[in-house]
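Student: I would like a close look at a single part of this model. Please take one strand and show how it sits among its neighbours.

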Amino acid sequence: MARIRILVGSVFGGALLTARELRKDLEQAEHHVVVLEKPSLDDITSNDDALLVCTSTTGQGEIPETLLPLYLELRDKLPLQQDRPFGVIVLGDSSYGDTFCGAGDLMEEVLYEIACRKVSNTLRIDALETVNPEQVALPWAREWAASLDWE
Ligand SMILES: Cc1cc2nc3c(=O)[nH]c(=O)nc-3n(C[C@H](O)[C@H](O)[C@H](O)COP(=O)(O)O)c2cc1C
């Protein structure tokens, strides 16, 4: 059983719905899951749960407003989280070209800066290919969470 905090960034609700579906599914697999719809720094520094970013991309490769304050605080304060496991699920749209799924890259960068350790490759979900991001995210997240247990 893993302890997981899902950090949500969403504008229109797709990533939020995905995070909620992930919680239901992962809880059935006996994981302990908290969905943070507007995560603060304290939400992550008060514990050592694994971090699962579940964000969409907005603007030109930018992080949605629900997640931006945490991103900025992490970048400013750099609170070391040595070896803390994290994963990234990012929603985007490949018609945006170079900025496709840019929010996931930004979150990955800052989590590396505070010494977190990435588990699994980032899952990029393209709105041009799927209208149900949760269907793609669920199997990925099950494997991701199980691999935390094997460590
Ligand atoms: C104004 C706007 C800007 C966007 N910019 C990007 C972008 O730069 N890169 C990208 O990959 N997707 C971009 N998208 C696509 C969204 O990330 C995608 O539709 C996502 O599924 C929305 O998820 P949400 O419902 O959680 O906000 C943009 C969408 C909108 C409406």
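**Strand β3 and its surroundings**

Tutor: Buried residues make up 38% of the 151 residues in the protein chain. Keep that figure in mind as we go. This is a predicted model, and our part is strand β3, residues 50–56.

Start with the cover. Of the seven residues in β3, seven are buried. The strand has two faces. Ala 50, Leu 52, Cys 54 and Ser 56 point one way. Leu 51, Val 53 and Thr 55 point the other way. Both sets are buried.

Now look sideways. Strand β1, residues 3–9, is joined to β3 by six bridges. The two strands run parallel. Pick out one pair: Gly 9 has Thr 55 as its bridge partner in β3.

β3 also pairs with β4. Six bridges link them, again in the parallel sense. Here you can look for Cys 54, which stands opposite Ile 89 of β4.

How does the chain get from β3 to β4? Helix α3, residues 68–77, belongs to the answer. Together, β3, α3 and β4 form a β-α-β unit, and the unit is right-handed.

Stop in the loop between α3 and β4, where Asp 83 lies. Its phi is near 70°, a positive value in a residue that is not glycine. Is Asp 83 buried or exposed? It counts as exposed, because it has 9 C-beta neighbours inside 10 Å. Set that beside the buried residues of β3.

Next, the ligand. The shell around it holds 21 residues. Phe 12, Gly 14, Ala 15, Ser 56 and Gly 92 come nearest. Helix α1 (14–28) and strand β4 (85–92) are the elements that give two or more residues to this shell. You have met Ser 56 already: it is one of the residues of β3 that point the same way as Cys 54. By class, the shell has eight nonpolar, twelve polar and one charged residues.

Step back to the whole chain. It has five helices and six strands. From the N terminus, the order of elements is β-α-β-α-β-α-β-α-β-β-α. Take contacts between residues at least 6 apart in sequence: 81% of them join residues at least 24 apart.

What about overall size? The C-alpha atoms fill a box of roughly 35 × 35 × 25 Å along the principal axes. The radius of gyration is 14 Å. A compact globule of 151 residues would have a value near 15 Å, so the two agree.

Finish further along the chain. Ala 115 is in the loop between α4 (102–113) and β5. Its phi is positive too, about 75°, although Ala 115 is not a glycine. Ala 115 is partly exposed, because 13 other C-beta atoms lie within 10 Å.

Ser 120 is in the loop between β5 (117–118) and β6 (123–126). With 17 other C-beta atoms within 10 Å, Ser 120 is partly exposed. Leaving out residues up to four places away in sequence, Ser 120 touches Gly 87, Trp 144 and Ser 147. Pro 64 is another matter. Ser 120 and Pro 64 are 56 residues apart in sequence, and their C-alpha atoms are 23 Å apart in space.

Now return to β3. Its seven residues are buried. β1 is joined to β3 by six bridges, and β4 pairs with β3 over six bridges.

Notes
Residues are numbered from 1 along each chain as its sequence is written. This is a predicted model: local features need pLDDT of at least 70, side-chain atom pairs count only at pLDDT 80 or more; totals for chains, interfaces and linings use all residues. A residue is near a molecule or strand if its C-beta atom, placed from the backbone, lies within 6 Å of it. Helices (H or I, at least four residues) and strands (E, at least two) are DSSP runs, numbered from the N terminus. Ala, Val, Leu, Ile, Met, Phe, Trp, Tyr, Cys and Pro count as nonpolar, Asp, Glu, Lys and Arg as charged, and the others, Gly among them, as polar. A residue is buried if 20 or more other C-beta atoms lie within 10 Å of its own, exposed if 12 or fewer, and partly exposed in between; C-beta atoms are placed from the backbone. Two strands pair if DSSP finds at least two bridges between them. A crossover is right-handed if, with the strands pointing away from the viewer, the path from the first strand over the helix to the second runs clockwise. The radius of gyration is taken over C-alpha atoms; the globule rule is 2.2 Å times the number of residues to the power 0.38. Two residues are in contact if their C-beta atoms, placed from the backbone, lie within 7 Å.
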